[in-house]
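User: Could you take me through one part of this protein in detail? I would like to look at the strands and what their side chains do, inside and at the surface.

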Amino acid sequence: MKDLKFEQKRSLSRLEAADQLSALAEALRHGGNAELQLGPGKMSLRVPDELRTEIEVEVGDGEIEMEIELKWPTASTG
């Protein structure tokens, strides 16, 4: 069972998508407790110094799908 799941699907302009990714990059750059603007609300996350990543690109059915996955443990280590 998941402790929390948040999913948001919506259409964005290219510039809006870039702004959202820039905000995520800034949160990752600073680490610690990061606040992300997600539509009308904000989500606070603890971002550690080390995390695992996965990038997946699929092309088919007239679409390109890109998934960027970031994972880290919920408990503090060290």
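**The strands, inside and out**

Analyst: Happy to! Let's begin inside: in this predicted model, the largest nonpolar core has 6 residues in all, namely Ala27, Ala34, Leu36, Leu38, Met43 and Val47. Two strands, S1 (32–38) and S2 (41–47), each supply at least two residues of this core. S1 gives the largest share, 3 residues.

Now for the surface, where strands S3 and S4 come in. Ile55, Val57, Val59, Ile64, Met66 and Ile68 make a nonpolar surface patch of about 670 Å². S3 and S4 each supply at least two residues of that patch. Val59 is a handy one to find on your screen: this residue sits in strand S3. Val59 has a relative accessible area of 69%, so it counts as exposed, the cut-off for that being over 50%.

The surface also carries a patch of negative charge, where Glu54, Glu58, Asp61, Glu63, Glu65 and Glu67 gather. Strand S3 (52–60) and strand S4 (63–71) are the elements that give two or more residues to this negative patch. The largest share of the negative patch comes from S4, with 3 residues. Try Glu63 as your landmark here, a residue of strand S4. Its relative accessibility is 59%, so Glu63 is exposed.

To put the picture together: S1 and S2 each bring at least two residues to the largest nonpolar core, while S3 and S4 each bring at least two to the nonpolar surface patch and also give two or more to the negative one.

Definitions and conventions:
Residues are numbered from 1 along each chain as its sequence is written. This is a predicted model: local features need pLDDT of at least 70, side-chain atom pairs count only at pLDDT 80 or more; totals for chains, interfaces and linings use all residues. Side-chain values use heavy atoms; hydrogens and water are left out. Patches are made of residues with over 30% relative accessible area and no salt bridge: like charges are joined within 9 Å, nonpolar side chains (Val, Leu, Ile, Met, Phe, Trp, Tyr) within 5 Å. Accessible areas come from the Shrake-Rupley method with a 1.4 Å probe; for residues, only the protein chains shown count as cover. A salt bridge is a side-chain nitrogen of Lys or Arg within 4 Å of a carboxyl oxygen of Asp or Glu. Lys and Arg count as positive and Asp and Glu as negative; His and the chain ends are not counted. The place of a charge is taken as NZ of Lys, CZ of Arg, CG of Asp or CD of Glu. Helices (H or I, at least four residues) and strands (E, at least two) are DSSP runs, numbered from the N terminus. Buried means under 20% relative accessible area, exposed over 50%, partly exposed in between (1.4 Å probe, protein chains only). A nonpolar core is a set of buried Ala, Val, Leu, Ile, Met, Phe, Trp, Tyr and Cys residues joined through side-chain atoms within 4.5 Å.
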